[in-house]
Amino acid sequence: MRKVRTRWVLLGGLVVALLLAGVVSFFASTAPDGLNRVAEDQGFSHTAEHRDAPSDRVPAGVARVGGLLLVLALGAAVTYAVRRRDTSGD
């Protein structure tokens, strides 16, 4: 069996994550969940501000991809900082 390089696994994971954030998320259910559902059940959902209108789908997709890249960059920075830390035990 041939060994797969870590770089290719990370690149494949990044491509899958970008596709999920930018494309597949458009097909997510529009049914309310979590706090939105509780607000509807309790009768105060009319007080909420809804910022994600159907016409905002493309900017929302761009925001999801940007958020994904930001989280990945922060995770990489933390990983780099932890790995670079001096472990000599001064």
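**Helices, a salt bridge, a patch and a pocket**

Reader: Does Asp41 count as buried or exposed?

Author: Asp41 has a relative accessibility of 52%. The model is predicted: local features need pLDDT of at least 70, side-chain atom pairs count only at pLDDT 80 or more, and totals for chains, interfaces and linings use all residues. Residues are numbered from 1 along each chain as its sequence is written, and side-chain values use heavy atoms, with hydrogens and water left out. Buried means under 20% relative accessible area, exposed over 50% and partly exposed in between (1.4 Å probe, protein chains only), so Asp41 counts as exposed.

Reader: Which residue meets the side chain of Asp41 in a salt bridge?

Author: A salt bridge needs a side-chain nitrogen of Lys or Arg within 4 Å of a carboxyl oxygen of Asp or Glu. The search of the whole structure finds 1. Its partner for Asp41 also lies in helix H2, 4 residues apart, about one turn of the helix. With N to O at 3.1 Å, the side chain that meets Asp41 is that of Arg37.

Reader: What pattern does the protein follow along the sequence?

Author: Helices (H or I, at least four residues) and strands (E, at least two) are DSSP runs, numbered from the N terminus. The protein has 3 helices and 0 strands. Read along the sequence, the pattern is α-α-α.

Reader: Where is Phe27, a member of the nonpolar surface patch?

Author: Patches take residues with over 30% relative accessible area and no salt bridge, joining like charges within 9 Å and nonpolar side chains (Val, Leu, Ile, Met, Phe, Trp, Tyr) within 5 Å. This patch covers about 1100 Å² (Shrake-Rupley, 1.4 Å probe, only the protein chains shown counting as cover for residues), and its members include Trp8, Val16 and Phe27. Phe27 is exposed, with a relative accessible area of 70%. Its place is the loop between H1 and helix H2 (35-42).

Reader: Which helix gives the largest share of the lining of the second largest pocket?

Author: On a 1 Å grid over the protein atoms alone, a pocket is an open set of points where a 1.4 Å probe fits, with protein on both sides within 12 Å along at least five of seven lines, and lining residues have an atom within 4 Å of a point. Leu10, Gly13 and Leu14 are among the lining residues. Helices H1 (6-22) and H3 (57-84) each supply at least two residues. The largest share, 4 residues, comes from H1.
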